[in-house]
Each structure stands twice: as structure tokens, then as C-alpha cells.
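User: Please take a close look at how one residue is placed within its fold, and then set that residue in the context of the packing elsewhere. A formal account with the cut-offs stated would be appreciated.

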Amino acid sequence: MEYVVQQIMNALAFGAEYALLALGLAIVFSIMGLVNFAHGEMIAVGGYTMVAASALALQNPFVIIVAAIGVAMVASVTLERVAFRPVRYADPTTGLLTAFGVSMILQNLFLLFVSPRPIAVTSLYFLEWSIELGSLRISSLQLFETITTLIVIVILMFFLKHTLLGLAMRAASLDFEMVRLSGVRANRVFAIAFMISGFLAGIACVFIMARRGSVDPHLGFDPVLKAFVACVVGGFGSLPGAVLGGFLLGAVEVAMLVMLPQSLGGLTDAFVFGIIAILLIWRPDGILAPRTEKGDKQ
Amino acid sequence: MLNVENLKVFHGLIEAVHGINLVVPKGQCVALLGPNGAGKTSTILGITGVARSTGVISFDERPITEMSTEARIKEGISVSPEGRRVFANLTVEDNLVLGGALKPEGKSERIAYWYKTFPILGERRDQMAGTLSGGEQQMLSIARALMNDPEILLLDEPSLGLAPKIVSQIFEMIQSLRDEKRTILLVEQNATQALRLSDYAYFLNNGRIVAKGRPDELGGREDLMAKLTGIT
């Protein structure tokens, strides 16, 4: 019983991380059709901010967390302004290549100006202890991660449903021009989308750093690849799809880790992606892909 | 109020409108008529800044040619575009809320007013706009355009693809807007109806204005009507 609960917590924590990052990708994709592969670098930016904060002798972990999230948001908005605005209305492929380029430039900047080696950040270790509930032992970090993600999703849903900018963002995913024709400034919608995306990356960064305890230039690569897969499974451009895909991916991953015999342990990812391939044969556009209009009625 | 001089509108490299002049005086309804592909919608796209254009567009004596689309809307131009383009993934109510993005004050009164004018929209306020019928979407599109309380309303083919009964309902509504002394630029293929509603009309063909005048003058021109309907 304990074992099962622990594995469920594992799956939820994995899933929460993927869902956070997948949401960040999906929000940007839904309004501008851009797969932002530089999203992972926002996690690394957050990580290096923690290093810098520690170097500045800021001990308060609350300050460090807020700084990491804040800098990730600023970095994300800056990227939109500098790199993505010029290709905003260009071909999707141009946007994709731009994102790859930005990602590489940032990784190399970290390599050149910080360090190619991992740098330890110990200030978040306090988030991890075990909670004992009777015979159950749960990691506090996993609990925090799951709860935080759920809270963030609820806040995001509220924002998208009940604020003017939220409505504009949802409308923009279908018809951006008409949103502008209603008088909402396009630049604001894009800036907010990237700000939210950076915020989500910042939150994910806090938990990734608390778990790993170190940052290196390629910190964001793996998580964003997984988030991308989560988006594809859930249906690219669909926000509920991104959340569903994230948690589903987490669950499948943990299930494979648990069920595969020791000898096949190294093939976990292969099995995970195999299952996803089967899923995509069943639903090629992803589980919750936005319905495409086929008629002439607009 | 709206003054367009030597307007040329481009789609990529193609010039769709070849330098037209057009005036919409305050409080009047001006019709822009013409057959398919005459450049009517392109003219609207040029005025709203969605399509690239050259020439001078001034609004209330202020030049708006250099402004972005959003800035032009803020000046007081509003549009119910061709094909209605309601936000299909938003509820009817949210469509109206977003349509009133620039005028938050008195928003709920205006929404209530539209529910009274079009009771069907009130009944379906929580329904996704994509599930409405074509006629309902057209009502919503016009109501949404008026949520910003604009100085001028550009109406692009409000009767397109609608059942005759709905069409007369839409035109009745435009008539009531006219009675309120709103300024309207009405783009239509349905010349008879549009002429009945307007104070002045321009006839566009192949991207040029080929005739203009008061409705009673233009209405009698058999040659124009023939061009419109394609009956020669």
C-alpha cells in the first residue's frame, strides 16, 4: 500500500513538472504558432539567478525563489521583444528555427560566461524532508510540487476565463486579427503570454533546482523535450491538453520505472515513447487537439 | 468624419484598390456597393489598417494613415467584418466583453441593451459563439463592434449568406442604428436594400469608383444594377 501511494506521488510530481512546462509551451504556441524551444533556457536562467543570489549572500530562500521566478519572467518577455517579435508573422518554420537559435545562443553564453560545469545551489534543500503519515512516508517536495502546480493551473484558468487579457489570449488563438480589431494591442497580448510562460518556467525551475541541487548550461533541455512530448500527446495548442499530457507522461514514466524488470531499466524512455507512439496512432492530433473547422462558417 | 483620399490597398504585391476617394460625413450612412471582387472588403481592410495601403485616411480631421490597427480602433473606428468572425471559442457574453475592451465604463449596461435588442443572444449568453447560427453570429458581430461605442461603424456584408428573413431583420437593425444618427459605412452586394438605408452611395468596380450619388439617383441606373447582379 505504502509503495503504491509513493509511486502515485512520484507520478504526480513528475507530471506536475511536465504540465507546468508544457503549459508554458502551449500558451505561446496557441497564440503565435511558435514552438518555443528556448523555454528550457528560462529554467537555466532561473537556476543561475539562484547562484547569483547566493553569491550576493542573499540567504533568505523566499527572496531567492522570487528572484528566480522574476528573472525568468523578465528574460522570457525580453526574448519575445528581441528575438520573436521580428518573426511574429513569419512562417512557423522561421519561428521554430529562431527558437532553436536563441536556445543555442543562450546555452553557449552560459558555457562561456558562467561555467560548463554544474554549480551547486544548496539554498532550496530545506524544501525536502519526509512527511510521515502513519506508515506512509511522502516527500514534502513532491507534495509541494503537485499542490503548487494545481494552484497555478486554477489561477491560470481564472485569468483566462475572467479577465479581459485572458479572454483576448483565448480569442487570439483563433483569430488574432479580430482581437486587434477590437482594440486590444497585439504587443500586450504577446508580452503577457511570454510573461506567463516565463512564470511557469520559473516555478518549474524552483522544483527542479530543489531536487537536483545544481545548475548547468543544459539544465532545461531534458525537461522541455518532455514538455514538448506532453504537448504533442495532449494536442498542441490546447491548454487542457498540455496539462493532461504532462500528467499522463509522468504517470507512464513512473509506471515504466516500476514495472520494467531491472535488466530493462535503461530502456525506460524507449518504452515511454513507444507507448506515446501507440497513443498517437490512436489520436494523431493528440488527445485534446483543438477542433479544426472544416466548414466555411467562420 | 471619415475621409479617404487616393486610397490604394495591396494584398502582397497585388493592388486591389486603385486609388479611391470616399467621404463618410458624421451621422450619415454611406453605402459602398459593387459586385464580387470589386475591392469593397479591401477598402475596409485598408481603412482599418489590416491590409497595407497608401494614400491618406483621415478621421475627424486627424490623419490615421500611419497608425496601427489597434490605434485606429482606439480613435473610434469599429468593424463588423466580412464573415462575421465571432470568437467561436468564447461565450456570447465574453465576445461582447472583449468587443468592449476599450470602453470598460457602462459595459454591463451596453451588454444588457444588446440582450434586449437581440433576445436570442441573451438566451444564449453562456453558449460558445461558434454554436450560434449564421444570423445569430451576425447579430453578435454587430453588437460586438458597437461595444466600444465607436464614432463610426464599418459593416462589411452583413447580409452575406443569411436567410431572407434574417436579412430583413439585420437591415431593420441597421435602420435603427441610422435613426440613432450613428455614422455607418455599409458594404453590401444587396444594392436595393443598402440604397434604401443610405444617405449616399459609392459604386465600386474593379478597384475603382465608377459611380457615386444619392440613392435615388443611383437606384435608377439600370447599367449599374445590371453589373451588380450580373444580368446584362
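Analyst: A residue counts as buried under 20% relative accessible area, as exposed over 50%, and as partly exposed in between (1.4 Å probe, protein chains only). On that scale A:S214 is buried, because its relative accessibility is 14%. The model is predicted: local features need pLDDT of at least 70 and side-chain atom pairs pLDDT 80 or more, while totals for chains, interfaces and linings use all residues. Residues are numbered from 1 along each chain as its sequence is written, chains are lettered from A and ligands numbered from 1 in the order written, and side-chain values use heavy atoms, without hydrogens or water.

A:S214 belongs to strand β4 of chain A, which covers residues 214-215; helices (H or I, at least four residues) and strands (E, at least two) are DSSP runs numbered from the N terminus. Leaving aside residues up to four places away in sequence, A:S214 is in contact (heavy atoms within 4.5 Å) with A:P118, A:I119, A:A120 and A:V121, and also with A:M209 and A:L219.

Of these neighbours, A:M209 falls within helix α7 of chain A, residues 186-212. Helix α7(A) packs against helix α3(A), residues 61-84, at an angle of about 145° with the axes 7 Å apart. The axes are lines fitted to C-alpha atoms, for helices over the stretch in contact, and the angles run from 0 to 180 degrees between N-to-C directions. On the α3(A) side the contact involves A:I65, A:I69, A:A72, A:M73, A:S76, A:V77, A:E80 and A:F84. The α7(A) side contributes A:F190, A:A191, A:F194, A:M195, A:S197, A:G198, A:F199, A:G202, A:I203 and A:V206.

Just before α7(A) comes A:R185, placed in the loop between α6 and α7 of chain A. Unlike a buried residue, A:R185 counts as partly exposed, because its relative accessibility is 48%. Its C-alpha atom lies 34 Å from that of A:N108, and the two residues are 77 apart in sequence.

Aromatic side chains offer another view of the packing. Across all chains there are 12 aromatic pairs, where rings of Phe, Tyr and Trp (its six-membered ring) pair if their centres lie within 6.5 Å, and planes under 30 degrees apart count as stacked, over 60 as edge-to-face and the rest as tilted. In the tilted pair of A:Y48 and A:F110, the centres are 4.8 Å apart and the planes meet at 40°. A:Y48 sits in helix α2(A), residues 39-55, and A:F110 in helix α4(A), residues 92-113, so the pair joins parts that are 62 residues apart in sequence. Both partners, A:Y48 and A:F110, are buried.

The pair of A:W129 and A:F144 is edge-to-face, at 5.7 Å between centres and 75° between planes. A:W129 lies in the loop between β1 (119-120) and β2 (130-133) of chain A, while A:F144 is in helix α5(A), residues 140-162, so this pair links parts that are 15 residues apart in sequence. A:W129 is partly exposed at 44% relative accessible area, and A:F144 is partly exposed at 31%. One aromatic cluster, moreover, is formed by A:F29, A:F37, A:F100, A:F228 and A:F236.

Chain B provides a helix with many buried residues. In helix α3(B), residues 92-99, 7 of the 8 residues are buried, so the rest of the structure largely encloses this helix. The buried positions are B:V92, B:D94, B:N95, B:L96, B:V97, B:L98 and B:G99. From chain A, α5 and α6 (164-181) pack against these residues, and from chain B, α4 (107-117), α5 (119-123) and α6 do so.

Helix α6(B), residues 134-146, also packs with helix α7(B), residues 164-179, at about 15° and with the axes 10 Å apart. Here B:G135, B:Q138, B:M139, B:I142 and B:L146 of α6(B) meet B:I166, B:Q169, B:I170, B:M173 and B:L177 of α7(B).

Two backbone positions of chain B complete the account. Most residues other than glycine have a negative phi. B:N6, in strand β1(B), residues 2-11, has a positive phi near 50° and is partly exposed at 44% relative accessible area. B:K181 has a positive phi near 65°. B:K181 is located in the loop between α7 and β8 (183-188) of chain B and counts as exposed at 61% relative accessibility.
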